[in-house]
Amino acid sequence: VGLVSGGGSGHEPLHAGFVGTGMLDVAVAGAVFASPTALQVLEATKAADSGRGVVQIVKNYTGDVLNFRIAGEISGDDAIETEIVLVDDDLATDLGEEDGPGRRGTAATVIVEKLCGAAAEAGASLAEVAAIGRRAASRARTMSLALSAGTHPGDTEPQFTLEDDEVELGVGIHGERGRGRVPFRDADGLVELLVEPLRKELDLRRGEEVLAIVNGLGGTYPLELQLAARALHHHLADAGISIERSLVGSYVTSLDMHGLSITLMPLDDEQRRLWDAAVRTPALTW
């Protein structure tokens, strides 16, 4: 089964950095923060197809969803069977509106691409790979914050400004403003702002095991991410929750935004096995 994902540029290494053994077959990039066209997605789908169908992994943004769906419909003319896996993990945009756009897709995309890639590598069917991706997307949630905004190419000013003692909570990966501003605090305090809503949403309880991603948004130093990861381990350990697998680094960025996101997903045996399966890509290898 082939795997295709993509979206606007400016989020590197997503998606091209995850093309390789055990993850994506093809990544398709639009302009900065803009969806690739349906025809670009169609060509990517054709390139990924080896006769067993193609799973398209799509972050939940209107342009991406529209163009991937159109490409999926057109690909039927070439006898390519497709399944879409929608990633919608951003808790900050969970507004409970049934007719709204829904949650944005952010760093859980890495989890979905990794698990689907491992399943496809093992020979799973189109339906099986898609089901694994949808289940992971349904179980993962993300919260983000920024200490400073990114600057779009060609602009002279960042997308929003903060005072030195302010933090933007709930930002998006296209430079979107958050749900509100809170006073700056130390790493433990900032991580708590992100983790507690995730823990409540996922109903994480003592004794549970999770996969965690501490993700830099583009302008965050590795040392800062390691401090956040340490705070996350301590915070969850105090609640009796074990981080069984984790990533710490910049994987889903927003140009040069100085900020971070935390993604949590309860981990079961099948997902652990798929996560542990060998992967060899520019941005992720084990």
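Here are some questions and answers about a predicted model.

User: Hello! Let's begin at strand S3. Is Val58 buried or exposed?
Analyst: Happy to help. Val58 lies in strand S3, which spans residues 54–59. Its relative accessibility is 0%, and a residue under 20% is classed as buried, so Val58 counts as buried.

User: Which residues is Val58 in contact with, leaving aside neighbours within four places in sequence?
Analyst: Val58 belongs to strand S3. With those sequence neighbours set aside, its contacts are Asp64, Val65, Phe68, Ile84, Val85, Leu86 and Val87.

User: How many Å separate the C-alpha atoms of Val58 and Ile173?
Analyst: Along the chain, Val58 and Ile173 are 115 residues apart. In space, the separation of their C-alpha atoms is 14 Å.

User: Lys59 is in strand S3 too. Which side chain of opposite charge is nearest to Lys59?
Analyst: Lys59 is buried and yet has no salt bridge. A salt bridge needs the nitrogen and the carboxyl oxygen within 4 Å. The nearest side chain of opposite charge is 4.2 Å away, and it belongs to Asp64.

User: Which residue has its backbone oxygen 3.4 Å from a polar atom of the Lys59 side chain?
Analyst: Leaving aside neighbours within four places in sequence, Lys59 has contacts that include Gly6, Gly7, Leu14, His15 and Ile173. The backbone oxygen lying 3.4 Å from a polar atom of the Lys59 side chain is that of Gly6.

User: Now for charged pairs. How many salt bridges does the count come to?
Analyst: One of these pairs is Asp94 with Arg103, whose side chains meet at 3.2 Å, N to O. The count for the model comes to 16 salt bridges.

User: In the pair Asp94 and Arg103, is Arg103 buried or exposed?
Analyst: The partner, Asp94, counts as partly exposed because its relative accessibility is 30%. Arg103 has a relative accessible area of 15%, so it falls on the other side of the 20% cut-off. Arg103 is buried.

User: How far apart in sequence are the parts tied together by Arg181 and Glu166?
Analyst: These two form a salt bridge, with the closest N and O atoms 3.5 Å apart. Arg181 lies in strand S7 (residues 180–183) and Glu166 in strand S6 (residues 166–169), so the pair ties together parts whose distance in sequence is 15 residues.

User: Which residues are linked with Glu166 and Arg181 in a network of salt bridges?
Analyst: Glu166 is partly exposed, at 23% relative accessible area, and Arg181 is partly exposed as well, at 34%. The network joins this pair with Glu168 and Arg177.

User: Why are Glu196 and Arg199 separated by about one helical turn?
Analyst: The side chains of Glu196 and Arg199 meet in a salt bridge at 3.2 Å, N to O. Glu196 is partly exposed at 27% relative accessibility, and Arg199 is partly exposed at 24%. The two are about one helical turn apart because they sit in helix H5 (residues 187–202) with a spacing of 3 residues.

User: Let's turn to the backbone. What is omega for the peptide bond that joins Glu12 and Pro13?
Analyst: Pro13 is placed in the loop between strand S1 (2–9) and strand S2 (26–32). The bond joining Glu12 and Pro13 is cis, and its omega is about 15°.

User: What is omega for the peptide bond from Leu14 to His15?
Analyst: His15 is also found in the loop between S1 and S2. The bond from Leu14 to His15 is cis, with omega near 0°.

User: What is phi of Asp203?
Analyst: Asp203 sits in the loop between H5 and strand S8 (209–216). Asp203 is partly exposed, with a relative accessible area of 41%. Its phi is positive in a residue other than glycine, with a value near 55°.

User: Where does Leu255 lie?
Analyst: Leu255 has a positive phi of about 55° although it is not a glycine. Leu255 is partly exposed, at 22% relative accessible area. Its place is the loop between strand S9 (242–249) and strand S10 (258–266).

User: Last one: how much accessible area do Tyr221, Leu223 and Leu227 have together?
Analyst: Leu223 is part of helix H6 (residues 222–238), and it counts as exposed at 61% relative accessibility. Tyr221, Leu223 and Leu227 form a nonpolar patch on the surface, and their accessible area together is about 340 Å².

How values were computed
Residues numbered from 1 in each chain as written. Predicted model: local features only at pLDDT ≥ 70, side-chain atom pairs only at ≥ 80, totals over all residues. Heavy atoms only, no water. Patch = residues over 30% accessible without salt bridge, like charges linked within 9 Å, V, L, I, M, F, W, Y side chains within 5 Å. Areas by Shrake-Rupley, 256 points an atom, 1.4 Å probe, with all protein chains shown as cover. Helix = DSSP H or I, 4+ residues; strand = E, 2+ residues; numbered from the N terminus. Buried < 20%, exposed > 50% of the residue type's maximum accessible area, 1.4 Å probe, protein only. Contact = heavy atoms within 4.5 Å. Lys, Arg positive; Asp, Glu negative; His and termini not counted. Polar contact = N/O pair within 3.5 Å; in protein donor to acceptor, adjacent residues only side chain to side chain.
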